[in-house]
Amino acid sequence: MSLVKAFALKLGIDKSIFFTSLARVIQAVGGVVSILFVARYLTGIEQGFYYTFGSIVAIQIFFELGLNGIITQYVAHETAHLQWKTSTELTGEHKYLSRLSSLLHFCVKWYLCFAGILLVTLIIVGFIFFGKYGTVGDVTWKLPWSLLAIGTALNLLLAPVLAFIEGLGKVKEIAKIRLYQQCSSILVVWGGLILGAKLYVSGINWLVVVLLVTSILFFSDFRKLLLNIWNVSLTEKVNYRKEIFPYQWKIALSWISGYFIFQLFNPVLFATEGAVVAGQMGMTLAALNGIQSLSISWMTTKVPLYSGLIAMKDYLQLDTIFNRTLKQSVFINGLLLVLMFVIVWAIRHWHIVIGDMVLGNRFLPYVPMVLMMVPLFVNQFISSWATYLRCHKQEPFLVNSICAGIVCCLSTVLLGKWFGVFGVTGGYCCITIALMPWGYWIYKTKKRDWHGK
């Protein structure tokens with residue numbers, strides 16, 4: 001056991017990293033298994049609605065604007081000047097207590113406002129989009145969509161609270177909550193589909209998750225902790241316009257670019273090719289996202305270790321660990337992609353049927369599926385380089401992300417309209433490969449500038 005602890009300590013794996021990694025593994029495995037439940041209990045058309053629901057709901061990124069991560073950083077900065085008097089009370093110079101309290105007040109006001117706007121926006125966008133393109137088949141979608149919109153808006157309210165508590169140094173505790181959240185989400189989706197909830201399952205899932213997290217926060221020391229911070233008299237405040245916005249807009253643009261890269265596939269195919277093809281894309285993406293979530297966890301769980309080595313300017317050790325981790329994560333990524341292709345080939349070759357549904361027909365054809373696999377493999381490198389550089393508290397991939405978002409958006413919409421699923425996947429694959437050298441140049445250039453020759 002001592003050898004295991006020593007090995008974990010050497011790699012910088014503490015309890016917070018363990019819980020985070022475990023949550024990612026459960027998310028990845030659960031996402032892959034959920035594919036079977038979706039295929040078994042939803043029709044091909046319902047599957048298209050199910051995955052397109054998820055893509056449209058992702059517009060919440062326009063309301064978060066990368067603020068969650070920023071909240072964690074700013075809270076941590078103020079907390080660094082304070083000390084823990086008890087497990088629920090901070091003490092120190094009032095200036096920092098006041099600034100910390102002002103951040104909590106800002107979070108509540110910001111997210112209350114934008115959660116309301118998000119709810120109205122989702123309902124309007126959903127009714128317009130599915131009202132125009134979702135008329136094929138007898139599918140009940142209006143009430144399920146409204147339920148999902150409500151659950152998504154409520155979840156947006158909880159996100160900054162978790163980010164705030166994490167910034168206070170409660171990383172392990174928040175990682176546990178997110179682990180519980182992930183486990184309950186998977187069980188609700190599986191159980192809901194088995195019991196015949198159909199498209200209602202997404203909305204029910206978010207409502208259960210919100211209820212679970214709210215209960216944990218309310219019946220724990222976190223409630224008293226947040227109230228103590230909230231009640232601090234505000235003599236000094238964090239100025240959003242001068243302190244937060246100059247950093248937030250860069251992160252926000254990167255996040256928004258990500259939406260145009262990854263979330264347009266399903267809506268465009270739903271509108272141009274129909275719900276069945278959109279469902280095939282959605283199920284293929286679900287499997288690929290599971291692979292990405294699992295393989296990238298090799299890299300993301302090392303972020304605290306990378307950051308610490310950068311702070312100590314131990315660049316030799318940093319590069320040694322990063323290069324080894326990159327090789328491991330790329331190997332896992334490639335292995336899982338090959339395994340996915342073999343499994344899809346096998347279920348098609350042996351005509352595996354679940355109930356009265358041919359499972360192989362629920363995935364994209366081989367060519368567009370491979371055209372989605374190649375960018376996932378390439379992005380394993382790009383995401384790893386970006387993670388490495390962002391540990392320096394910089395965002396050097398901003399321009400790269402914006403350009404990728406614009407080009408991918410145009411490619412998906414135009415090529416999807418003209419060539420359907422082959423245009424969408426082919427354009428995305430070519431763009432990702434073409435932008436890879438730029439990403440590598442950013443990585444090498446910034447690394448040399450920040451570390452010296």
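**Salt bridges, helices and a β-hairpin in a predicted model**

In the predicted model, the side chains of Lys-447 and Asp-319 meet in a salt bridge, with a separation of 3.4 Å from N to O. Lys-447 lies in helix α17 and Asp-319 in helix α15, which spans residues 315–349, so the pair ties together parts of the chain that are 128 residues apart in sequence. Lys-447 is buried, with a relative accessible area of 16%, and Asp-319 is likewise buried, its relative accessible area being 16%.

The structure holds 3 salt bridges. Another of them is formed by the side chains of Lys-198 and Glu-46, at 3.2 Å from N to O. This pair links distant parts of the chain, given that Lys-198 is placed in the loop between α8 (171–194) and α9 (200–218) whereas Glu-46 belongs to helix α3 (residues 44–57), with the two positions 152 residues apart in sequence. The two partners are assigned to separate classes of accessibility: Lys-198 is partly exposed, with a relative accessible area of 31%, while Glu-46, with a relative accessible area of 12%, is buried. A salt bridge is also found between Glu-166 and Arg-178, for which the closest N and O atoms are 3.1 Å apart. Because Glu-166 lies in helix α7 (residues 142–167) and Arg-178 in helix α8, this pair ties together parts that are 12 residues apart in sequence. Arg-178 counts as partly exposed, at 33% relative accessibility.

Helix α3, which contains Glu-46, also contains Gln-47. At 1% relative accessibility, Gln-47 counts as buried, since it falls under the 20% cut-off. When neighbours within four places in sequence are left aside, the contacts of Gln-47 comprise Val-38, Ala-39 and Leu-42, together with Gly-279, Gln-280, Met-283 and Arg-362.

Considered as a whole, the chain has 17 helices and 4 strands. Its radius of gyration is 23 Å, close to the 22 Å that the globule rule gives for 453 residues, so the chain is as compact as a globular protein of that length. The C-alpha trace spans about 65 × 50 × 45 Å along its principal axes. Of the 453 residues, 51% count as buried, and the accessible surface of the chain comes to about 21,300 Å², of which 68% belongs to carbon and sulfur atoms. Among contacts between residues at least 6 apart in sequence, 81% join residues that are at least 24 apart.

Two of the strands, β1 (residues 82–86) and β2 (residues 89–92), pair in the antiparallel sense over 4 bridges. They form a hairpin in which 2 residues lie between the strands. Within this pairing, Gln-83 has Thr-91 of β2 as its bridge partner, and Trp-84 stands opposite Leu-90 in β2.

Helix α17 (residues 398–451), in which Ile-406 has its place, also carries Lys-447 of the salt bridge with Asp-319. Ile-406 contributes to a nonpolar surface patch of about 700 Å², whose other members are Val-407, Leu-410, Val-413, Leu-414, Trp-418 and Phe-419.

In helix α16 (residues 366–390), Val-374 was examined in the same manner as the residues above. With a relative accessible area of 32%, Val-374 is partly exposed. Apart from its neighbours within four places in sequence, Val-374 is in contact with Cys-429 and Ile-433. By contrast, the C-alpha atoms of Val-374 and Phe-397, which are 23 residues apart along the chain, are separated by 21 Å.

Definitions and conventions. Residues numbered from 1 in each chain as written. Predicted model: local features only at pLDDT ≥ 70, side-chain atom pairs only at ≥ 80, totals over all residues. Heavy atoms only, no water. Pairing = 2+ DSSP bridges. Patch = residues over 30% accessible without salt bridge, like charges linked within 9 Å, V, L, I, M, F, W, Y side chains within 5 Å. Areas by Shrake-Rupley, 256 points an atom, 1.4 Å probe, with all protein chains shown as cover. Salt bridge = Lys/Arg side-chain N within 4 Å of Asp/Glu carboxyl O. Rg over C-alpha atoms; globule rule 2.2 N^0.38 Å. Buried < 20%, exposed > 50% of the residue type's maximum accessible area, 1.4 Å probe, protein only. Contact = heavy atoms within 4.5 Å.
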